[in-house]
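Q: Please take a close look at one part of this model, the largest pocket, and then follow the elements around it outward. I work with computed structures every day, so keep the cut-offs in view.

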Amino acid sequence: MIKTIRDEYGLVSPQVLGVMLKVPRHEFVPKGFQKVAYEDKPIEIGFGQTMSQPYTVAMMTHLATEIPNTKYQFSNRLQNTNRTSGKIKRRKVLEIGTGSGYQAALLSYFFDEVYTIEIIPQLSEFGRNNLFRLGYKNVFVREGSGEYGWKEKSPFDAIIITAALEKDLPPVLKTQLVKGGILVAPIGPRYSQVMTRFARLKNGKFKKEEFQKFVFVPFVRNE
Ligand code: SAH
C-alpha cells in the first residue's frame, strides 16, 4: 500500500507514509474485508458508504498536516505538538465523516485532539468501536451532522471533510477555524470532486488551492 502511494501516485511525505505504516488498516475494515485492506481501492462499510482508497486518505492527511506555502514538514508527533515555529500550532482537528475511524486514527498522530462527527448512527458506533479497541485515546467521536461543526470544541486548527460537498462550504465551518487554520474538502458534482484546501488568513479572508479530482460519497446537508 505504501509503495503504491509513494511510487505510483508520487506522494512521498515521510510523515504521512510513516503514520500509515503504524495504523493497522485491516482493523478498521468490516469483517470479511481484511484480505483487501491494503489494496489500492475503496472499501464498502455499509449504509451506502465507503472508506476512501488509501491514496485518497494519504493525500487528505498530507493536505491537512502540511503548512501551505512553507517548506516545513512535520518530522514527528512530538515536534509537531510542541512546535512554536510556523503559523499554525496543530492542536485540534475536526473530521466530518468518521466512517470506519481510519482517517481519524491517522490524524491522531499529528494533532493533540481529534474530533470526528458521523451522521449515520451505526457507522458512528462502528468507527467509535474501532478507535476504542485500538486505543486511540485522543480521538472523540460524536454522532450527528457535521454541517454545524462542533461549536463547543472550536476553534480548530484544521477541518477535514471526508464526504463530497456539491459547491460551497457550510458557512458555520469557516467560523470554527482559527486564523491560520486550514480546511480540506472535496468539492464538486456527484461523480467528480476537486480536492480543495482553504486557508483562513490573518485578515479573515480565505485562500483557496485546488488539487486533483476524486470521487467521494455525498455530504448530507440540510441547508
Ligand atoms: N473518513 C472515513 C470515510 C468516510 S466516508 C474513514 O476513514 O473510514 C464519508 C462519511 O461521511 C460517511 O460515513 C457518511 O455517512 C458521512 N457523512 C456524510 N455527510 C455527513 C454529515 N453531514 N455529517 C457527518 N457525517 C457525514
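A: Happily! The largest pocket is lined by 32 residues, and Gly97, Thr98, Gly99, Glu118 and Thr162 are the ones that lie nearest its centre. A pocket here is an open set of points on a 1 Å grid over the protein atoms alone, with protein on both sides within 12 Å along at least five of seven lines and room for a 1.4 Å probe; lining residues have an atom within 4 Å of a point. The volume comes to about 420 Å³, taken as the space filled by probe spheres set on the points, with points joined across faces, edges and corners.

Before going on, a word about the source: this is a predicted model, in which local features need pLDDT of at least 70 and side-chain atom pairs count only at pLDDT 80 or more, while totals for chains, interfaces and linings use all residues. Residues are numbered from 1 along each chain as its sequence is written, and side-chain values use heavy atoms, with hydrogens and water left out.

By class, the lining holds 16 nonpolar, 13 polar and three charged residues. Nonpolar covers Ala, Val, Leu, Ile, Met, Phe, Trp, Tyr, Cys and Pro, charged covers Asp, Glu, Lys and Arg, and the others, Gly among them, count as polar. At least two lining residues come from each of β2 (49–51), α3, β3 (92–96), α5 and β4 (113–118). Those names refer to DSSP runs numbered from the N terminus: helices are H or I over at least four residues, strands E over at least two. The protein has seven helices and nine strands.

Let's start with β3, one of those suppliers. Five of its five residues are buried, which means under 20% relative accessible area; over 50% is exposed and anything in between partly exposed (1.4 Å probe, protein chains only). In a regular strand the side chains alternate between the two faces of the sheet. In β3 both faces are covered, with Lys92, Leu94 and Ile96 on one side and Val93 and Glu95 on the other. β3 runs parallel to β4, joined by five bridges, and Lys92 has Glu113 as its bridge partner in β4.

These two strands sit in an open sheet of seven, in the order β5-β4-β3-β6-β7-β8-β9, with mixed pairing; two strands pair if DSSP finds at least two bridges between them. β5 (139–143) and β9 stand at the edges with a single partner strand each, so one side of each is left without a neighbour in the sheet. Neighbouring strands are turned by 15 degrees against each other on average, direction ignored. Helix α6 (residues 121–133) lies across β4 and β5, at about 165 degrees to β5; such angles run from 0 to 180 degrees between N-to-C directions, using axes fitted to C-alpha atoms, for helices over the stretch in contact.

Beyond β3, β6 (residues 156–161) and β7 (residues 177–187) pair in the parallel sense over four bridges, with Phe156 opposite Leu177. In the loop between β5 and β6, you'll find Pro155, and the peptide bond leading to it from Ser154 is cis, with omega near 5 degrees. The loop between β5 and β6 also holds Lys153, which is partly exposed at 33% relative accessibility. Leaving aside neighbours within four places in sequence, Lys153 is in contact with Lys92 and Tyr115, where contact means heavy atoms within 4.5 Å.

On the helical side, α5 (102–107) is another supplier of the lining. Its Leu106 is buried, with a relative accessible area of 1%. Beyond four places in sequence, Leu106 touches Val19, Met20, Val23, Val57 and Thr61. The C-alpha atoms of Leu106 and Ala58 are separated by 8.9 Å, although the two are 48 residues apart along the chain. From α2 (residues 14–22), the buried residues are Gln15, Val16, Leu17, Val19 and Met20, and they pack against α1 (2–8), α3 (54–65) and α5.
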